[in-house]
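Q: I'd like to zoom in on one part of this protein and see how it ties in with the rest. Could you walk me through it slowly, explaining the terms as you go?

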Amino acid sequence: MGECLVKPVDWIQHDIAHVPAITCDEPHWGEVLGYVSLGEVPSTYPGGDQVAALAEFECKVLQLRQKLPLDEYETDTVVPREEDWNTGDGEYENYAPCLVSRKDGKPIPSGRRVADPPPGADNEAVRMDVLSPALYDNPPADSCIQSQSQWDKSPHSVDIVKCDYPHWAQIAAYVKLYGAADKIPADDKVEEKAEEMCDPATAHLEIGVGTPYRVTARVRKERAIQESLIYAVCLVHRKGLVGRPGTAVGAVVTADPPAVPAIGPHHALGQVHTARMAGARGGRHREVGQAQNERTACCLHSDRGAHLRD
């Protein structure tokens, strides 16, 4: 943490274990924010989408904790490949490094921008699109939506927090509804299918009769750039607070509901394939050992299921 890199090529064209670093006493291009956990050690590989989404979310939280403005700085990360993931017989600790640089590409003046410990708290909220054109640009499964009022206005701009902190709903899973070759039925049929598929996708959370929680599905109706998918997000929140998103049910809620505790671990839920591109949030990632000319197609493969269920 706090190491600095002179130029982008030092980060892009080197193996992550051999990136040439300098002290931060002179102008530099990037600075190491820290290292974020992507899963327990050992654990089952959660899939390319989940790994990429989690790394970018956690790195963005680190950036906010360092009080580095999102409109001035951006984060970059290197994510592990499936073969690198420690499932019980490896040494890799299932983490990702986070690097911060200026969005305009200009050098950072001499002196560190990264403080140890970070001045900000771990409960920083990251504004994100929950139904983005690509699943890897969404918040990761098992992150949480902070405010119901934001969700009611638009799922494309909500504050996402770690579920250890007060929140309205937990993102439990994303489910694939239709592929590129599938004909899309009427909206009511699409929504009905989303609700049906969210039930098995959230079964590991043991939500149902006798619990204070319910599952709500919201569909991205425009085809994603990712295999032209139509998909839905499955949310878990307290019962009696909303029906369809944006519609009050029962007692009128004038403020955000009480916190919903994180209910359980997310498991890999299916298969995704796409070419990775720089995200709209400014976050970027590549796999260990990938060079610059491989950046846009490096990280997700059809045998790496993440938080998507067919």
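In what sense do strand 3 and strand 4 pair, and over how many bridges?

A: Strand 3 and strand 4 (residues 95-102) pair in the antiparallel sense, over five bridges. Pairing here takes at least two bridges found by DSSP between two strands. Strands are DSSP runs of E with at least two residues, helices are runs of H or I with at least four, and both are numbered from the N terminus.

Before going on, some ground rules. This is a predicted model, so local features are kept at pLDDT of at least 70 and side-chain atom pairs at pLDDT 80 or more, while totals for chains, interfaces and linings use all residues. Residues are numbered from 1 along each chain as its sequence is written, and side-chain values use heavy atoms, leaving out hydrogens and water.

Back to strand 3, which covers residues 73-79. Seven of its seven residues are buried, where buried means under 20% relative accessible area, exposed over 50%, and partly exposed in between (1.4 Å probe, protein chains only). Try following the side chains: Y73, T75, T77 and V79 point one way, E74, D76 and V78 point the other way, and all of them are buried. At one place in the pairing, Y73 stands opposite R102 in strand 4.

Strand 4 also has a link to a helix. A disulfide joins C59 to C98, with the sulfurs 2.0 Å apart; to count, a pair of cysteine sulfur atoms must lie within 2.5 Å. The angle about that S-S bond is -80°, making the link left-handed. The pair connects distant parts of the chain, with C59 in helix 2 and C98 in strand 4, 39 residues apart. C59 is buried, with a relative accessible area of 1%, and C98 is buried with that value at 1% too.

The rule gives four disulfides in total. One of them joins C4 and C24, whose sulfur atoms are 1.9 Å apart. With 100° about the S-S bond, the link of C4 and C24 is right-handed. C4 sits in strand 1 (residues 4-5) and C24 in the loop between helix 1 (8-12) and strand 2 (30-37), 20 residues apart.

Now for the cores. A nonpolar core is a set of buried Ala, Val, Leu, Ile, Met, Phe, Trp, Tyr and Cys residues joined through side-chain atoms within 4.5 Å. The largest has 21 residues, and those with the most contacts inside it include W151, I171 and L235. Elements giving two or more residues to this core are helix 2 (48-65), strand 5 (126-128), strand 7 (158-162), strand 8 (169-178) and strand 10 (230-238). Another core, of 18 residues, lies apart from it, and V51, C59, V79 and I108 are among its members. That takes us back to our starting point: V79 is one of the residues of strand 3, and C59 is the disulfide partner of C98.

Let's look at strand 8 and strand 10 too. Strand 8 is largely enclosed by the rest of the structure, because nine of its ten residues are buried. Strand 8 and strand 10 run antiparallel and are joined by eight bridges, and one place to spot this is K176, whose bridge partner in strand 10 is Y231. Strand 6 and strand 8 also run antiparallel, joined by two bridges.

Strand 10 has its own tie to a helix. C198 and C234 form a disulfide (S to S 2.0 Å). The torsion about their S-S bond is about -85°, so this disulfide is left-handed. C198 lies in helix 4 and C234 in strand 10, so the pair ties together parts that are 36 residues apart in sequence. Both C198 and C234 are buried.

Finally, helix 4 (residues 187-201) itself. The buried residues of helix 4 are V190, A194, M197, C198 and A201. Seen down the axis of helix 4, they fall within an arc of 110° (taken from the directions from the helix axis to the C-beta atoms), so they line one face of the helix.
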